[in-house]
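Could we walk through the inside of this protein together? I would like to hear about its nonpolar packing and its cysteines.

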Amino acid sequence: MFYRPEDGHGLPHNPFNAIVSPRPIAWVSTRGPDGSENLAPYSFFNAVAYVPPQVMFASTSAKEDRPWSKDSMFNIRETGQFCVNIVEYAARDAMNATSGPWPKEDDEFARAGIERAECQTIACSRVANAPASLECRLVKIVDLEGDHNFMAIGEVTGVHMRDDCIREGRFDVTAFQPLARLGYRDYSRVTELFSLTRPGQ
């Protein structure tokens, strides 16, 4: 099968998200200029550089009560900071509860019963029990092709790791089984690892 996206795929559901998978999930927490807090998951997310460490996530739709994007991107543009919380399998239902199109006045921490903690390098809350949280200073917001498509790139200025996830000097993802987004309504989790050695190493 071959299709050009502009012509459509002819399938019952768009296969694009299923092809580009699994994808890690950025559970992005932000604080607005008015002090309100927001927490929402984004699966267009990844690390993009080591030195300085940088991550990106993209928002691909808008809300009726925001002029051009979602609450997260609006807050980030206004304040220049955000926190990426890593989602563990045990938090799947809480993460899903924060994904709704809630009014901008809603506090998803409270709605989903999630304990919060204050970040140290930015003025923002983080998910207190997350396996890891990355405090980020905004580098830039990139306008992508298409309506309401924006990518935020952030420099990581602080890293939180939960103690039980550090084993023998390594951050062990099997300790918490990170959640990954697949296509459609499907998710997966990491339960086992294998290693490969690059040629020349």
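Here are a few questions and answers on the core and the cysteines.

Reader: How should I read the model and its numbering?
Author: This is a predicted model, where local features need pLDDT of at least 70 and side-chain atom pairs count only at pLDDT 80 or more, while totals for chains, interfaces and linings use all residues. Side-chain values use heavy atoms, with hydrogens and water left out, and residues are numbered from 1 along each chain as its sequence is written.

Reader: Which element gives the largest share of the largest nonpolar core?
Author: A nonpolar core is a set of buried Ala, Val, Leu, Ile, Met, Phe, Trp, Tyr and Cys residues joined through side-chain atoms within 4.5 Å; buried means under 20% relative accessible area with a 1.4 Å probe, protein chains only. The largest one has 24 residues, and Val28, Phe57 and Val84 touch the most other members. Elements giving two or more residues include strand E2 (26-31) and helix H2 (71-79), where helices (H or I, at least four residues) and strands (E, at least two) are DSSP runs numbered from the N terminus. The largest share, five residues, comes from E9.

Reader: How many disulfides does the structure hold?
Author: A disulfide is counted when a pair of cysteine sulfur atoms lies within 2.5 Å. The sulfur of cysteine 83 has its closest cysteine sulfur in cysteine 119, at 3.9 Å, so the two are too far apart for a bond. The number of disulfides is zero.

Reader: Is cysteine 119 buried or exposed?
Author: Cysteine 83 counts as buried, at 0% relative accessibility. Cysteine 119 has a relative accessible area of 7%, which means that it is buried.

Methods. Buried means under 20% relative accessible area, exposed over 50%, partly exposed in between (1.4 Å probe, protein chains only).
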